[in-house]
Amino acid sequence: MSGVDWNGILRLPEAAIAGCRRIPKTVLVKQAMLTKTEQRRLDKVARLEHFATVQKSTTRIPPYEDDERNVQSVVFLRCEMAVGTMAVAEVAELVHKCFPNPTVLLIEAGNRACVSVALTRKSHAEQGATVIDRIETTGAFDPYSPEYADFLGALAFERLSQGDLWEYLLDMARAVALSRAIGGLGFYPSCSAQEREQLIVLTSRYDELGSSVKRMKEQRRSKDITLNESAKLRMEMKEEERRLRAIADEIKEICNG
């Protein structure tokens, strides 16, 4: 694989780098007991590699365990999409499912990239098993766009919390969640530590409203929509866009404060 310099972005300790060892897709099929439908989705992946493992022995970051979670390591995987395929979110969800550890996917799709983080928790149904708690993903973006420079800088090892592996993983997930606002804001939102939680809430709401506006635009383009329905959607869309601008102003105020 060539393209994105993930080593240069993540700046992980040398001991953590796995040397990009290829993971055969047949291993994933067997390990995760993928259905035929899931196997066809996996065909959208041209190549999958073990990029790095962040754990105590490679980074000195201690593991974390409580009643809900057991984080002994964070596995980084590099994923090259098949030519012409941009279904990064769909593929990320499937690949994350194949691994019991928390995983970070570094996806390359042509000249686009995507970072996806899966947070896991202990299974309530099966002793010793883990399930995916939630996934944070950037969506496809241009890694060489100046707008994304600050986000990629925020992924550097020394910039993330190292109190324990759960803190490290959460910090990376937060950075990915915040990145989804870049397309609308034109910059990566960042602020002081004491205002970070408020910023995350605002960017999450910004993300939801942006998706809502996008859905309404798609509905208005439908050939089956009536004039009355189109007019109603237009009014609703204007109101959502007003809310979107108001939240954008709040985010900018926090970031500039």
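Which unit do E5, helix H5 and E6 make? In this predicted model, they make a right-handed β-α-β unit. The tour starts with the sheet that holds the two strands, then moves to the helices and ends at the cysteines.

**Stop 1: the sheet**

Select the strands in the order E1-E2-E5-E6-E7-E8, which is how they are arranged in an open sheet of six strands with mixed pairing. Strand E1 (17–22) and E8 are the edge strands, each pairing on one side only. Going from one strand to the next, the twist averages 20°.

**Stop 2: strand E5**

Now select residues 73–81, which form strand E5. Buried or largely open to the outside? Eight of the nine residues of E5 are buried, so the strand is largely enclosed by the rest of the structure.

Add residues 45–55, strand E2. E2 and E5 pair in the antiparallel sense, over nine bridges. Two positions are worth labelling along this pairing. Ala-52 has Phe-76 in E5 as its bridge partner, and Glu-49 stands opposite Arg-78 in E5.

Next add residues 103–109, strand E6. The pairing of E5 with E6 is parallel and extends over six bridges. To find a point along it, label Val-75, which stands opposite Thr-103 in E6.

**Stop 3: helix H5**

Keep E5 and E6 on screen and select helix H5 (residues 88–97), the helix of the right-handed β-α-β unit. H5 lies across E2, E5, E6, E7 and E8, and runs at about 145° to E6.

Show the side chains of Val-88, Val-91, Ala-92, Leu-94, Val-95 and His-96: these are the buried residues of H5. What covers them? The cover includes helix H3 (36–42), along with E2, E5, E6, strand E7 (112–122) and strand E8 (130–137).

**Stop 4: helix H7 and Asp-171**

Select helix H7, residues 165–179. H7 lies across E2, E5, E6, E7 and E8, running at about 140° to E7.

Within H7, pick Asp-171. Is Asp-171 buried or exposed? Its relative accessible area is 12%, so Asp-171 counts as buried, the cut-off being under 20%. The side chain of Asp-171 makes a polar contact with the side chain of Arg-174, at 3.2 Å.

Leaving out residues up to four places away in sequence, Asp-171 touches Arg-159, Leu-160, Ser-161 and Arg-196. For one of these, draw a distance: the C-alpha atoms of Asp-171 and Ser-161 are 6.3 Å apart, while the two residues are 10 apart in sequence.

**Stop 5: Cys-191 and Cys-255**

Finish with the cysteines. How many disulfides does the structure hold? It holds zero. Select Cys-191, which is in no disulfide; the nearest cysteine sulfur belongs to Cys-255 and is 6.0 Å away. Seen from Cys-255, the closest cysteine sulfur is that of Cys-191, and 6.0 Å is too far for a bond. The cut-off is that the two sulfur atoms lie within 2.5 Å.

Colour Cys-191 by accessibility as a last step. Its relative accessibility is 22%, so Cys-191 counts as partly exposed.

How values were computed. Residues are numbered from 1 along each chain as its sequence is written. This is a predicted model: local features need pLDDT of at least 70, side-chain atom pairs count only at pLDDT 80 or more; totals for chains, interfaces and linings use all residues. Side-chain values use heavy atoms; hydrogens and water are left out. Helices (H or I, at least four residues) and strands (E, at least two) are DSSP runs, numbered from the N terminus. Buried means under 20% relative accessible area, exposed over 50%, partly exposed in between (1.4 Å probe, protein chains only). Contact means heavy atoms within 4.5 Å. A polar contact is a pair of N or O atoms within 3.5 Å; within protein, one must be able to donate a hydrogen and the other to accept it, and residues adjacent in sequence count only if both atoms are side-chain atoms. Two strands pair if DSSP finds at least two bridges between them. A crossover is right-handed if, with the strands pointing away from the viewer, the path from the first strand over the helix to the second runs clockwise. Axes are lines fitted to C-alpha atoms, for helices over the stretch in contact, and angles run from 0 to 180 degrees between N-to-C directions.
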